[in-house]
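Let's take a walk through this model, starting from one helix and working outwards. Keep the viewer open as you read.

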Amino acid sequence: MSYQTLQQPVSARLEIKKSAFIAYAYPVTSREQAMFHVEQLRGQYADARHWCWAYIIGDPNNTTSAGFDDDGEPNGTAGRPILNVLQHKSIGNIIIIVVRYFGGIKLGAGGLTRAYAGSAQAAVDQMILCPYVPMTQVNIQAEFATEAQCRYVVERLNGTIDNVAYDKQVLLTVTIAKRDIDLLKTELAMAGKVLSAEE
């Protein structure tokens, strides 16, 4: 399951025969997140003619969750070409939304397909991509005296500390790459105990 994902949002703008195509790309992990960005741009560009989009949640080579919308453009000329660019470049957990301002000159089906694919590609050209790493959340139980050591190990493994609860002991809730769980357990051998997220 090796694919790339977007590090931070990007945008790109193309002008084709007086029509403006403004492409936005956002990292997303759910359809709800993706639709939030669509609605946000509908509000921001309320006077635009179309808001066409495509998203892929998860692995683009094994798409279980993908979607697209032509938003009133001729069928197959907007959302599908955007999706094709994402699949061709193997980018997952992403949505690209292209906002179109109509310039008065009709582009025809082929012209629209090229314009939307070109807009998506222009956004891809702006992207900083990184390999997707599956993450998981675990709890670490530690003594007060070893909390700093636990924090050090988590940060060295590029994990993040999401929450810390103090009782008789310290309970750190951390997010870390799934592949590093065994390493975390080994490195914390004396300092703390890794529990599953449910414990």
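**Starting at helix α4**

Arg151 and Glu147 sit in the same helix, α4, four residues apart, or about one turn of the helix. Bear in mind that you are looking at a predicted model. An α-helix has 3.6 residues a turn, so residues three or four places apart point the same way. In this pair, the two side chains meet in a salt bridge, with an N to O distance of 2.9 Å. How do the partners stand with respect to burial: is Glu147 buried or exposed? Glu147 is buried, because its relative accessible area is 12% and the cut-off is under 20%. Arg151, at 27% relative accessibility, counts as partly exposed.

Now take in the rest of α4, which covers residues 147–156. Its buried residues are Glu147, Cys150, Val153 and Val154. They span an arc of only 125° around the axis, so they end up on the same side of the helix. Turn to the face pointing away from that buried side and you'll find the exposed residues Ala148 and Glu155. What do the buried residues of α4 pack against? Their partners are β8 (135–142), β9 (160–166), β10 (170–177), α5 (181–187) and β11 (192–195). Just after the helix, Asn158 adopts a positive phi of about 60°.

**Over to the open sheet**

Next, look at the five strands that form an open, antiparallel sheet in the order β2-β3-β6-β4-β5. At the edges are β2 (10–16) and β5, each of which pairs on one side only. On average, neighbouring strands of this sheet are turned by 15° against each other, ignoring direction. Strands β2 and β3 (residues 19–27) pair over seven antiparallel bridges; if you want a spot to zoom in on, Ala12 has Ala23 in β3 as its bridge partner.

Helices pack on this sheet too. Helix α1 (residues 31–44) touches β3, β4 (50–57) and β6, and its direction makes about 160° with that of β4. Helix α2 lies across β4, β5 and β6, and runs at about 35° to β4.

Helix α3 (residues 108–126) is where you'll find Ser119. With 1% relative accessibility, Ser119 counts as buried. Leaving out residues up to four places away in sequence, Ser119 touches Leu14, Phe21, Ala23 and Val98. Ala23 is the residue you just met as the bridge partner of Ala12.

**Back to the charges**

Side chains of opposite charge can pair when their charged atoms come close. How many salt bridges does the structure hold? There are six. One of them joins the side chains of Arg100 and Glu73, at 2.9 Å from N to O. Arg100 belongs to strand β6 (residues 94–101) while Glu73 is in the loop between β5 (65–69) and α2 (79–88), so this pair ties together parts that are 27 residues apart in sequence. Both Arg100 and Glu73 are buried.

The pair Arg179 and Asp180 makes another salt bridge, at 3.9 Å from N to O. Here Arg179 is exposed, with a relative accessible area of 63%, whereas Asp180 counts as buried at 13% relative accessibility. To finish the tour, pick out Glu39, Arg42 and Asp71, which are linked in a network of salt bridges.

Notes. Residues are numbered from 1 along each chain as its sequence is written. This is a predicted model: local features need pLDDT of at least 70, side-chain atom pairs count only at pLDDT 80 or more; totals for chains, interfaces and linings use all residues. Side-chain values use heavy atoms; hydrogens and water are left out. Buried means under 20% relative accessible area, exposed over 50%, partly exposed in between (1.4 Å probe, protein chains only). Helices (H or I, at least four residues) and strands (E, at least two) are DSSP runs, numbered from the N terminus. The arc is that of the directions from the helix axis to the C-beta atoms. Contact means heavy atoms within 4.5 Å. A salt bridge is a side-chain nitrogen of Lys or Arg within 4 Å of a carboxyl oxygen of Asp or Glu. Two strands pair if DSSP finds at least two bridges between them. Axes are lines fitted to C-alpha atoms, for helices over the stretch in contact, and angles run from 0 to 180 degrees between N-to-C directions.
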